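Let's take a guided walk through a protein model. Have the sequence and the 3D view ready, and follow along one stop at a time.

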Amino acid sequence: MTAQAAGRAVEFDDSGLEKWSDAEQFAVTAERIGEYAAATNDPIPAHREGAVAPPVFAIVPVFEAMMMPVIDVAPMDIFGRVVHGEQDFHFHRPIRPGEELTSRAKAVGYTSKSTGTTITILVECRDAAGELVNEQYLTAFFRNIDAGKSVGEQAPAHRFDENLRATAPFAVVEHHVDDDQTFRYSPASGDPVPLHLDEQVAKDAGLPGIIAHGLCTMAMASWGVLTATAGSDVHRLRRFAVRFAKLVFPGDDLQTRIWPVTSADGATTYAFETVRGEDVVLSDGLAVIAD
């Protein structure tokens, strides 16, 4: 691959791979769970009451740890170009109130593509006994950056089969992004990025205005999938993955469309996508639901 094909040539630091970050501690409360559920318009009573955490709440305890490994691999002068490309949760069990969780993260590989370079981050979240609660793969994407090679691992695949479009979805769930959604989601999630909160900052970055958090849209899709396929029971969710395909804005009306794909080993795999009209905003959606 030439530098002209992918953009600016940048040398990544291979010695930063497979280096665990410092551990981050997080105390889970019913209040914080309920706040997160409300901030994502989650209709599931157990989530709203703080009895058990919604699936994408799993990002909250790991938020401080998850991006640190990127700095170990990518030069600081391009860090401002990074965007959250994909997120893939693997659940051992849901998060519960009263838990003390410990999280750490490491970069496991990077991949040069025609459009830029991705770094794959593996995150672990454990309980006080050291047992895994969840594992997460975060794909960080540097548009128009050419690392010149591919090293290490990529996140597990979750590609959407385009042939599914020939059949009607199993279920379609509606969502609305409220005008104040980002201002509720930011404190509930711990994400202070000003692109979601400050109109002028967003416009200075070349955007038409404030954008919704991608993980908020993912959280909406997660309760859509749970209500349609799992009887609203988060304990049945084994995996939940998406690619962040297009920006979402306050005021948007969205739909999550869901198709069953396979059933094996006591679980059903579903493909899904979240759309705004003809635009796919969450693509390559995959959910594994225990039967």
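**Pairs, domains and a few unusual turns**

Our tour begins with a pair of charged side chains: Arg126 and Glu124 form a salt bridge, and their closest N and O atoms are 3.2 Å apart. Keep in mind as you look that this is a predicted model. Side chains of opposite charge can pair when their charged atoms come close. The two partners sit in unlike surroundings: Arg126 is partly exposed because its relative accessible area is 27%, between the limits of 20% and 50%. Glu124 counts as buried because its relative accessibility is 9%, under the 20% limit.

How many salt bridges does the structure hold? There are 17. One of them joins Asp180 to Arg184, with 3.0 Å between the closest N and O atoms. Here Asp180 is partly exposed, at 39% relative accessible area, and Arg184 is partly exposed too, at 24%. Salt bridges can also link up into a network, and Lys246, Asp252, Arg276 and Asp279 are connected in this way.

Now find Asp284, which is in strand β13, residues 279-290. Is Asp284 buried or exposed? With a relative accessible area of 7%, Asp284 is buried. Asp284 forms a salt bridge with Arg243, and the closest N and O atoms are 3.6 Å apart. Because Asp284 lies in strand β13 and Arg243 in strand β10, this pair ties together parts that are 41 residues apart in sequence. Arg243 itself is partly exposed, at 31% relative accessibility.

Asp284 has other partners as well. Its side chain makes a polar contact with the side chain of Arg159, at 2.6 Å. A polar atom of the Asp284 side chain also lies 3.0 Å from the backbone nitrogen of Phe160. If you set aside neighbours within four places in sequence, the residues in contact with Asp284 include His158, Ala241, Val242 and Phe272.

Next, step back and look at the whole chain. It is divided into domain 1, residues 1-156, and domain 2, residues 158-290. Their C-alpha centres lie 17 Å apart. Where the domains meet, 29 residues of domain 1 are in contact with 32 residues of domain 2. Together the two domains bury about 2,600 Å² between them, and 61% of that area is on carbon and sulfur atoms.

What polar links are counted between domain 1 and domain 2? There are 16 residue pairs in polar contact, counting pairs with both residues at pLDDT 80 or more. On the side of domain 1 that touches domain 2, the elements giving two or more residues are α2, α4 and β3. The largest share, eight residues, comes from β3. By type, the residues on this side divide into 17 nonpolar, seven polar and five charged. The count of salt bridges between the domains is one. You can also look up the salt bridge between Arg239 and Asp88, whose closest N and O atoms are 2.7 Å apart.

Inside domain 1's range of residues, turn to Asn134 in strand β6, residues 132-143. Asn134 counts as buried, at 1% relative accessibility. Its side chain makes a polar contact with the side chain of Gln136, at 3.0 Å. Leaving out residues up to four places away in sequence, Asn134 touches several others, among them Ala58, His90, Phe91 and Glu124. That last name takes you back to the salt bridge where the tour began, between Arg126 and Glu124.

Helix α6, residues 181-189, is our next stop, and its buried residues are Gln181, Thr182, Tyr185, Ser186, Ala188 and Ser189. An α-helix has 3.6 residues a turn, so residues three or four places apart point the same way. What do the buried residues of α6 pack against? Their partners are α2, α4, β9 and α8. After α6 comes Gly190, which has a positive phi near 85 degrees.

Finally, visit some loops. Most residues other than glycine have a negative phi. Asn41, in the loop between α2 and α3, has a positive phi near 60 degrees. Ser232, in the loop between α8 and β10, also has a positive phi, of about 65 degrees. Gly251 is in the loop between β10 and β11, and it touches His176, Val177, Asp178 and Asp179 when residues up to four places away in sequence are not counted.

Note on methods: Residues numbered from 1 in each chain as written. Predicted model: local features only at pLDDT ≥ 70, side-chain atom pairs only at ≥ 80, totals over all residues. Heavy atoms only, no water. Buried < 20%, exposed > 50% of the residue type's maximum accessible area, 1.4 Å probe, protein only. Helix = DSSP H or I, 4+ residues; strand = E, 2+ residues; numbered from the N terminus. Contact = heavy atoms within 4.5 Å. Domains from an automatic or database assignment. Buried area = accessible area lost by both parts, 1.4 Å probe. Salt bridge = Lys/Arg side-chain N within 4 Å of Asp/Glu carboxyl O. Polar contact = N/O pair within 3.5 Å; in protein donor to acceptor, adjacent residues only side chain to side chain. Nonpolar A, V, L, I, M, F, W, Y, C, P; charged D, E, K, R; others polar.
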